[in-house]
Amino acid sequence: MLGASQAERRLLPEGRLAGPMPWVIAIMMFLTALAAAGGLAMGSAANRLGADLGRQVTVQIILADTDQRDREAGAAQQLLSHEDGVISARRLGDQEMQTLLRPWLGDAGLDKDIPLPAMIDIDLTGAGRDRLDQIAGAIRAAAPHARIDDHAGFIAPLVGLIRSLGLLAGGIVVMMAGATAAAVVLAARSALNTHRRTIDVMHMMGATDVQVARLFQRRIALDALFGAMVGLLAAIVVIVVLGRRIGEIGSGLVGSIALPGLAWLVLLCLPLLAGLLALLVARITVQRALGQTL
């Protein structure tokens with residue numbers, strides 16, 4: 001459909017860089033690619049957080065008596081090592097506890113005379129997650145002062161927020177596609193007005209509306225494809241730079257926002273989709289405009 005003979009190409013000059021449409025499409029594709037990348041990354045992060053943190057539970061034993069604290073921690077850890085649905089139960093060492101508390105207490109608050117709580121990180125299977133209440137009851141029976149913190153409880157609002165942001169990004173992509181279609185409509189109508197005399201001569205020679213529309217849709221599709229590729233390349237540069245910045249933060253929650261391999265494939269297909277959209281919109285616009293004038 002994009003093909004055209006040399007004679008047809010001479011009828012309409014193809015100066016792809018002469019008009020503003022390729023650069024308008026480039027800007028729209030730049031914004032579309034950033035929104036699509038953000039939405040895909042948010043969706044991937046929400047799934048990852050829900051799967052990983054949703055199955056993690058922390059047991060805390062806060063006692064001033066370090067001997068009793070250690071006894072209860074040992075009993076809880078021993079129980080968990082034989083409990084069905086528990087992948088692992090690891091007690092954090094004093095050095096790890098100090099690392100966790102240092103941002104809140106500072107070095108001055110980490111005095112050796114101040115007792116640190118015992119903390120046990122638990123990884124559960126899906127079946128273990130379903131019977132968390134039973135596991136928690138067994139832990140409290142073995143360690144009466146134990147407090148169970150379910151990560152899914154406080155991570156659920158965050159996952160919901162991330163999913164909402166992903167849906168918002170998807171909405172932006174849809175709106176940008178509509179804006180791209182509108183730009184193509186304007187470009188097609190402008191091209192029709194510019195080449196009105198040429199079109200009249202073609203009609204007098206027996207050319208049909210479909211043949212005339214083929215000339216315009218080919219040129220506009222190539223313009224859109226060129227602009228979309230420029231916009232995508234600029235967006236990829238920004239995405240790579242932002243990805244490196246996020247990686248430097250080192251935070252578990254922020255670091256989970258990353259583009260999976262399939263997302264990159266989707267981004268690479270965006271220019272082709274933009275070209276096909278421009279082709280279809282230009283064809284419909286030109287045929288309708290020609291039908292109204294005849």
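Which residues make a nonpolar surface patch of about 470 Å²? Select Leu161, Leu165, Leu168, Ile172 and Met175, which together make that patch; patches are built from residues with over 30% relative accessible area and no salt bridge, like charges being joined within 9 Å and nonpolar side chains (Val, Leu, Ile, Met, Phe, Trp, Tyr) within 5 Å.

Before going further, note that this is a predicted model, in which local features need pLDDT of at least 70 and side-chain atom pairs count only at pLDDT 80 or more, while totals for chains, interfaces and linings use all residues. Residues are numbered from 1 along each chain as its sequence is written, and side-chain values use heavy atoms, with hydrogens and water left out.

**The whole chain**

Show the protein chain as a cartoon, and eleven helices and four strands can be followed; helices (H or I, at least four residues) and strands (E, at least two) are DSSP runs numbered from the N terminus. Switch to a surface, and the chain exposes about 16400 Å², of which carbon and sulfur atoms supply 64%, the areas coming from the Shrake-Rupley method with a 1.4 Å probe and, for residues, with only the protein chains shown counting as cover. Of the 294 residues, 35% are buried, where buried means under 20% relative accessible area, exposed over 50%, and partly exposed in between (1.4 Å probe, protein chains only). Among contacts with a separation of 6 or more, 84% are accounted for by residues 24 or more positions apart, a contact being heavy atoms within 4.5 Å.

**Helix 7**

Select residues 151-194, which form helix 7 and include Ile172 of the patch; Ile172 counts as partly exposed because its relative accessibility is 32%. Move next to Thr180, which also lies in helix 7 but is buried, with a relative accessible area of 9%. Leaving aside neighbours within four places in sequence, Thr180 is in contact with Ile25, Met28 and Leu277.

**Helices 3 and 6**

Select residues 66-81 and 132-142, that is, helix 3 and helix 6, which pack at an angle of about 145° with their axes 8 Å apart; axes are lines fitted to C-alpha atoms, for helices over the stretch in contact, and angles run from 0 to 180 degrees between N-to-C directions. With side chains displayed, the contact is seen to be made by Ala75, Ala76, Leu79 and Leu80 of helix 3 and by Ile135, Ala138, Ile139 and Ala142 of helix 6.

**Salt bridges**

A search of the whole structure finds four salt bridges, each a side-chain nitrogen of Lys or Arg within 4 Å of a carboxyl oxygen of Asp or Glu. Begin with Arg91 and Asp70, whose closest N and O atoms are 2.9 Å apart; this pair links distant parts of the chain, Arg91 being in strand 2 (residues 86-91) and Asp70 in helix 3, 21 residues apart. Adding Arg69 to the selection shows a network of salt bridges that links Arg69, Asp70 and Arg91.

Go on to Arg131 and Glu83, a salt bridge with its closest N and O atoms 3.2 Å apart. Here too distant parts of the chain are linked, with Arg131 in the loop between helix 5 (126-130) and helix 6, and Glu83 in the loop between helix 3 and strand 2, 48 residues apart. Arg131 is partly exposed at a relative accessible area of 24%, whereas Glu83 is buried at 17%.

Finish at Arg147 and Asp149, whose side chains meet in a salt bridge (3.8 Å, N to O); Arg147 is partly exposed at 44% relative accessibility, and Asp149 is partly exposed at 24%.
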